[in-house]
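Visitor: I've got a structure open and would like to talk it through with someone. Shall we take it piece by piece?

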Amino acid sequence: MKKESIKTLLLISLVICSMVLTTQIWFNEKLWSSDYDFFSVFKDKIVSLFRDDSEASLSIGDTGAFNSIFAPNTMLLSGNNGRVLYDSSTEKGGAINLVINDVIKEALSTKAVSEVTEDEWKNIIKSTNIYADYHVPVSVDAIGGFLEADTVKTEGFVSFDKLLIDCDKLSSTIVPVYFRDSRSNHHFRINTAFDKTKLTALFENTGEDLNLSYSFELGLDKKAEGEGSKHQNVLLDSYILLSLDETKMNTIKEEKLDILSNTDHILESFGYNKKTVRKFTQTNGTENYIDSKSTLIIDPKGFIEYTTVLENGGLKIGEDSDITTAAAGAASLIDTILSEFYLNSSTKLFISSPLVDNGENTHTLTFSYLFDAIKINSNSPDCTVTVTDGKITYLKLNIKNFFEAYEDAPTNVLDIIEKAYTKNQSDSTLIIKDLSTGYVQYGGTYKKVWLVTTAATDEPIIIE
């Protein structure tokens with residue numbers, strides 16, 4: 001009888017322990033060491049973020065870092081009534097991005113890829129379509145792995161930076177998807193059997209139609225024939241998107257953040273134990289945290305810097321050295337850190353480095369801040385992360401927040417092109433490779449200006 005009582009007591013004890021541990025997990029109490037592979041916990045959520053999953057709950061809506069991984073910087077819906085521009089940080093843009101990623105997954109799992117001419121690409125641009133511009137090269141293998149697609153293997157089709165979904169003939173059984181690699185000027189088409197109803201739904205309840213045209217549609221990418229060619233002083237890259245309406249301009253300010261008020265959260269994000277980590281404070285208020293594996297600097301001026309001190313050390317985010325693991329794991333950590341700072345909804349951190357596997361076991365990724373999808377230019381990246389063999393070995397993050405200070409006078413893009421030619425100080429034809437708006441710092445504010453990159457130099461000309 002005694003023996004049975006002991007068994008009963010042991011069983012009750014095990015049940016109680018199980019309930020306690022379960023409760024801790026439910027309430028996110030940390031049960032693991034700093035080198036635990038937390039990326040394995042996020043992996044299912046990462047994939048689900050590109051699907052309609054209301055339970056996925058990372059802080060991408062607050063900071064944008066994770067949301068920018070394998071997401072286009074800008075998207076364009078072109079229909080019979082005009083063109084509507086979106087970015088992936090908005091609710092509608094996020095919904096479009098979900099569908100685009102589903103289309104990519106379907107396309108990359110299809111085994112028939114064909115290279116097409118640039119003329120075919122241009123013809124699709126002028127029809128009803130969904131256009132996505134990633135602004136950086138994206139590896140086919142990397143995005144395929146991220147979306148869990150059985151990636152097609154085709155010679156030459158290794159990366160892309162722009163994508164078109166042909167929505168012109170949705171009554172057919174085929175949805176053609178086009179990929180462009182701007183670096184090599186190659187174009188590829190994959191015919192898919194994607195569900196067309198998901199595409200047509202995106203064209204319902206769109207935003208305001210814009211008067212947008214590509215420079216090739218206006219004939220601004222080639223010399224005019226005949227007498228007019230003698231007076232044509234400017235040529236534009238074929239795919240510069242021009243608004244023939246006035247462009248709104250504004251000035252923004254950076255908000256001073258109390259970074260030290262979130263020290264505990266930052267330490268926890270990196271897996272430090274506040275009770276055991278060594279700390280010393282410099283005279284300027286900078287806090288230094290040191291353990292046997294790494295150091296962490298929290299500077300009151302607004303940045304943090306993490307460095308491993310061991311050859312094989314670092315914060316583990318995965319089991320491999322793939323660019324997919326490096327990008328997703330790094331962005332998840334950045335997102336976790338920033339989630340406690342309650343950034344303005346217009347302030348986003350977007351990846352700015354190519355998402356192409358370099359064949360090495362080390363990847364260095366950079367991120368830049370955007371305000372309302374417009375890049376805030378700075379002398380150095382706002383965030384740099386180095387990942388080696390699935391471990392973060394270095395991270396430097398400037399924690400910033402921006403808000404609009406005031407509106408400025410609107411501008412006209414044709415006037416900007418004329419000013420760029422005036423600044424050219426050359427009698428030769430000005431060839432413009434890129435024309436876009438961006439924020440540039442002037443004292444304590446950041447002013448929205450035009451940035452004109454020419455064939456003569458990679459340093460953009462600033463036009464106000």
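## Strands, rings and charges

Guide: Happy to, and here's a starting point: Val 113 has Ile 190 in β7 as its bridge partner. Keep in mind that this is a predicted model.

Visitor: How many bridges join β3 to strand β7, then?

Guide: The two strands run antiparallel, with β7 covering residues 186–192. Val 113 and Ile 190 are bridge partners there. The number of bridges joining β3 to β7 is four.

Visitor: And what is the order of the seven strands in that open sheet?

Guide: The pairing in this sheet is antiparallel. β2 (82–86) and β3 (113–116) each have a single partner strand, so they stand at the edges with one side left without a neighbour in the sheet. Reading across, the order is β2-β1-β4-β5-β6-β7-β3.

Visitor: By how many degrees are neighbouring strands of this sheet turned against each other on average?

Guide: Here direction is ignored, and the figure is an average over neighbouring strands of this sheet. That average comes to 25°.

Visitor: Over to β17. Are its residues mostly buried or exposed?

Guide: Strand β17 spans residues 347–351. Thr 347, Leu 349 and Ile 351 point one way, while Lys 348 and Phe 350 point the other way. In a regular strand, side chains alternate between the two faces of the sheet. Both sets are covered here, and five of the five residues in β17 are buried.

Visitor: Which residue in β18 stands opposite Thr 347?

Guide: β17 and β18 pair in the antiparallel sense, over five bridges. Across from Thr 347 in β18 you'll find Phe 371.

Visitor: How many aromatic pairs does a search of the whole structure find? And how are the rings of Phe 216 and Tyr 239 arranged?

Guide: The search turns up 13 aromatic pairs. For Phe 216 and Tyr 239, the ring centres are 5.9 Å apart and the planes make an angle of 65°; over 60 degrees counts as edge-to-face, so that's what this pair is. Phe 216 sits in the loop between β8 (212–214) and β9 (234–236), and Tyr 239 in the loop between β9 and β10 (241–243), so the pair ties together parts 23 residues apart in sequence. Both residues are buried, and the arrangement you asked about is edge-to-face.

Visitor: How many residues apart are Phe 371 and Tyr 439?

Guide: Their rings have centres 6.1 Å apart and planes at 90°, so this is an edge-to-face pair. Both Phe 371 and Tyr 439 are buried. The pair links distant parts of the chain, with Phe 371 in strand β18 (residues 362–371) and Tyr 439 in strand β23 (residues 430–442), and the separation is 68 residues.

Visitor: Which lysine lies over the face of Phe 216?

Guide: This one lies 5.1 Å from the ring centre of Phe 216. It also belongs to a network of salt bridges that share partners, along with Asp 221 and Lys 222. The lysine over the ring is Lys 122.

Visitor: What about the ring of Phe 303, which charged end sits over that?

Guide: The charged end lies 4.7 Å from the centre of the Phe 303 ring. It belongs to Lys 396.

Visitor: Which residue forms a salt bridge with Glu 217?

Guide: A search of the whole structure finds 15 salt bridges. In this one, the closest N and O atoms are 2.8 Å apart. Glu 217 is in the loop between β8 and β9, and its partner is in strand β2, 134 residues away. Glu 217 is partly exposed at 30% relative accessible area, whereas the partner is buried at 9%: it's Arg 83.

Visitor: Is Asp 458 buried or exposed?

Guide: Asp 458 meets Lys 433 in a salt bridge of 3.3 Å, N to O. Asp 458 lies in strand β25 (residues 457–463) and Lys 433 in strand β23, so the pair ties together parts 25 residues apart in sequence. Lys 433 is partly exposed, with a relative accessible area of 38%. Asp 458 has 64% relative accessibility, so it counts as exposed.

Visitor: Last one: which helix gives the most to the largest nonpolar core?

Guide: That core has 85 residues, and Phe 270, Phe 367 and Leu 397 touch the most other members. The top contributor gives 10 residues and spans residues 323–338: helix α9.

Technical notes. Residues are numbered from 1 along each chain as its sequence is written. This is a predicted model: local features need pLDDT of at least 70, side-chain atom pairs count only at pLDDT 80 or more; totals for chains, interfaces and linings use all residues. Side-chain values use heavy atoms; hydrogens and water are left out. Rings of Phe, Tyr and Trp (its six-membered ring) pair if their centres lie within 6.5 Å; planes under 30 degrees apart count as stacked, over 60 as edge-to-face and the rest as tilted. Buried means under 20% relative accessible area, exposed over 50%, partly exposed in between (1.4 Å probe, protein chains only). A charge sits over a ring if NZ of Lys or CZ of Arg is within 6 Å of the ring centre and within 35 degrees of the ring normal. A nonpolar core is a set of buried Ala, Val, Leu, Ile, Met, Phe, Trp, Tyr and Cys residues joined through side-chain atoms within 4.5 Å. Two strands pair if DSSP finds at least two bridges between them. Axes are lines fitted to C-alpha atoms, for helices over the stretch in contact, and angles run from 0 to 180 degrees between N-to-C directions. A salt bridge is a side-chain nitrogen of Lys or Arg within 4 Å of a carboxyl oxygen of Asp or Glu.
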